[in-house]
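The report below follows one residue outward into its surroundings and then turns to other parts of the assembly. Please keep the sequence and the coordinates at hand while reading.

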Amino acid sequence: MPEHDSEKKTVLSASAVERTLRRMAGEIVELNDGTDNLVIVGIQRRGVQLATRLCALIEESEKTSILQGSLDITLYRDDLQTIGPRPVVGPTNIPWGIDGKNVVIVDDVLYTGRTVRAALDEIADFGRPARIALAVLIDRGGRELPIQPDVVGKQLTIEPGDRVDVLVDDLDGRTAVVIVPTSGDAAP
Amino acid sequence: MTSALGKDLLGLEFLSSEQIQLILDTAEPFKEISERAIKKVPALRGSTIVNLFFENSTRTRISFEFAEKRLSADTVNVASSGSSVQKGETLVDTARNLEAMRIDMVVIRHGASGAATFLADRIESGVINAGDGTHEHPTQGLLDLLTLRDNLGDLKGKRVCICGDVLHSRVARSNIWGLTKMGAEVAVCGPRSLLPNAIEDFGVTVFERIEQAIEWADALNVLRLQLERMTSGYIPSSREYNRVFGVTRERLDRAPRDILILHPGPMNRGVEIDSDVADGPHSVILDQVTNGVAVRMAVLYLLAGGKPELAEAAKGNSR
């Protein structure tokens with residue numbers, strides 16, 4: 001990540017992200033009434049990193065191991081005909097049956113809700129969970145579909161053109177949440 | 001409407017190494033879809049694809065059909081027998097009539113070299129070459145590359161020898177183009193009567209004896225002896241061919257290293273390849289078939305899209 005990003009505004013620092021995830025991990029366990037049947041599925045790519053962190057936090061506090069999977073929703077998007085295929089399709093990894101499980105979908109930013117719509121469709125092709133919940137680090141508003149999160153890290157009000165980037169250590173070299181103005185051209 | 005690959009896939013000759021890399025990388029996640037209980041994703045929902053096969057085919061046609069169906073495209077199969085082709089309709093007329101029914105892509109196999117390009121120049125739908133005469137069979141070349149990459153890693157500097165009936169083989173041509181673009185060292189081996197004139201101009205090494213090829217190679221791609229295309233005596237007999245050029249267990253046992261064995265099928269067992277090699281531990285012939293579906297899904301997916309430049313604008317905008 002370039003360091004000359006003066007117009008980028010940091011909303012959450014690394015330690016704030018960590019605190020937020022810790023609270024979210026607690027809420028996920030509470031929502032699920034424990035960790036029985038709990039499956040955490042991250043959406044490629046940053047949702048996967050956050051899901052890994054959430055799983056580690058839950059495993060630490062609950063002293064148990066959690067099933068973690070990943071979803072790439074590229075092939076379930078509703079806009080292939082208009083935007084063209086995204087060349088890079090990431091791996092989907094849900095190797096166990098999810099019938100009767102409590103699935104928590106994890107993503108970095110919730111905006112229009114279209115990604116989550118696609119994720120719900122994809123999960124339905126893998127089985128019939130007892131329930132599906134949604135956990136997001138950032139809810140930036142601007143929904144185009146009737147989809148709401150169950151566990152939210154932070155709510156932000158952001159200009160429609162601007163972008164929220166969640167940076168994670170593994171992919172970006174540091175952890176933070178930043179707002180990038182419209183003119184910014186860095187890919188998320 | 002141009003995708004990352006353009007409108008059509010006509011041959012590996014016309015692709016850059018970056019485009020080939022993109023197809024192989026895109027095929028990777030598609031492998032997983034075929035392992036699911038519900039082997040289907042909605043990526044090409046609403047697209048109509050016609051499989052136009054003027055030559056017999058089991059593997060390629062079914063592989064394309066699986067790839068199309070697993071991407072949720074609607075498919076129609078047209079074979080030359082039982083269609084208006086038998087009444088003398090020309091290739092272009094057949095395709096234009098299909099196009100008038102509003103289709104998105106045509107997968108064509110034809111006995112004439114250049115048929116796919118000829119068609120692509122004359123219709124608006126995307127055209128995928130599923131084998132044209134002795135010219136190219138790009139998706140076979142791609143699935144061979146993917147299988148080699150799965151087993152050997154980066155292909156740069158790897159030694160692949162294409163054995164047998166290179167003269168009649170579109171698979172050989174697609175392999176030579178694809179492998180050299182990916183940086184592999186390529187050789188061919190077969191009787192001179194079954195090697196094209198000036199094959200050296202492709203930048204390949206020529207081995208006159210199969211033992212030399214086995215000594216040199218990391219992988220052998222053993223071609224089918226295309227007896228049906230042989231109009232005159234290219235070889236004395238299949239038995240003699242097997243004795244001199246057959247890939248046999250005894251010959252492979254003398255190799256300095258384990259050699260990966262590929263064959264595009266259908267095999268003439270006991271002619272170009274012996275059964276204990278085809279079914280042996282280093283044979284990846286069935287992996288090729290599995291990879292074929294994933295590669296074709298990747299090609300269809302990449303060709304199907306609208307405008308990739310708009311993908312940039314949509315990024316971060318439609319979470």
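In this predicted model, Glu185(B) has a relative accessible area of 35%, and because this value falls between the 20% limit for buried and the 50% limit for exposed residues, Glu185(B) counts as partly exposed. The residue belongs to strand S6 of chain B, which covers residues 185-189. Leaving aside residues up to four places away in sequence, Glu185(B) is in contact with Gly157(B), Lys158(B), Arg159(B), Val160(B) and Trp216(B). Of these, Arg159(B) is also the residue for which Glu185(B) serves as bridge partner in S6(B). Between the C-alpha atoms of Glu185(B) and Gly203(B), which are 18 residues apart along the chain, the separation is 9.0 Å.

The bridge just described is part of a wider pairing, since S6(B) and strand S5 of chain B (residues 159-163) are joined in the parallel sense over five bridges. Both strands take part in an open, parallel sheet of five strands in chain B, ordered S7-S6-S5-S8-S9. Its edges are formed by strand S7 (205-207) and strand S9 (260-262) of chain B, each of which pairs on one side only. From one strand to the next, the twist averages 25 degrees. Helix H5 of chain B (residues 138-152) lies across S5, S8 and S9 of chain B and runs at about 165 degrees to S9(B).

The nonpolar interior can be summarised as follows.

| Core | Residues in the core | Members named |
|---|---|---|
| Largest nonpolar core | 82 residues | Leu75(A), Phe30(B), Leu71(B), Ile128(B), Leu142(B), Leu145(B) and Val188(B), those with the most contacts inside it |
| Another core, apart from the largest | 32 residues | among them Ile66(A), Ala133(A), Ile158(A) and Ile179(A) |

Helix H11 of chain B (residues 285-304) supplies the largest share of the 82-residue core, namely 11 residues. Leu75(A), when residues up to four places away in sequence are not counted, touches Val89(A) in its own chain and, in chain B, Phe30(B), Ile33(B), Val41(B), Pro42(B), Ala43(B) and Tyr301(B).

In chain A, helix H1 comprises 19 residues (14-32), and at 1.5 Å a residue these should span 27 Å, which agrees with the 27 Å between its end C-alpha atoms. The buried residues of H1(A) are Ala16(A), Val17(A), Thr20(A), Leu21(A), Met24(A), Ala25(A), Ile28(A), Val29(A) and Asn32(A). An α-helix has 3.6 residues a turn, so residues three or four places apart point the same way. After H1(A) comes Asp33(A), with a positive phi near 60 degrees.

Conventions. Residues numbered from 1 in each chain as written. Chains lettered and ligands numbered in written order. Predicted model: local features only at pLDDT ≥ 70, side-chain atom pairs only at ≥ 80, totals over all residues. Heavy atoms only, no water. Helix = DSSP H or I, 4+ residues; strand = E, 2+ residues; numbered from the N terminus. Expected span 1.5 Å × (residues − 1). Buried < 20%, exposed > 50% of the residue type's maximum accessible area, 1.4 Å probe, protein only. Contact = heavy atoms within 4.5 Å. Pairing = 2+ DSSP bridges. Axes fitted to C-alpha atoms, helices over the stretch in contact; angles between N-to-C directions. Core = buried A, V, L, I, M, F, W, Y, C linked by side-chain atoms within 4.5 Å.
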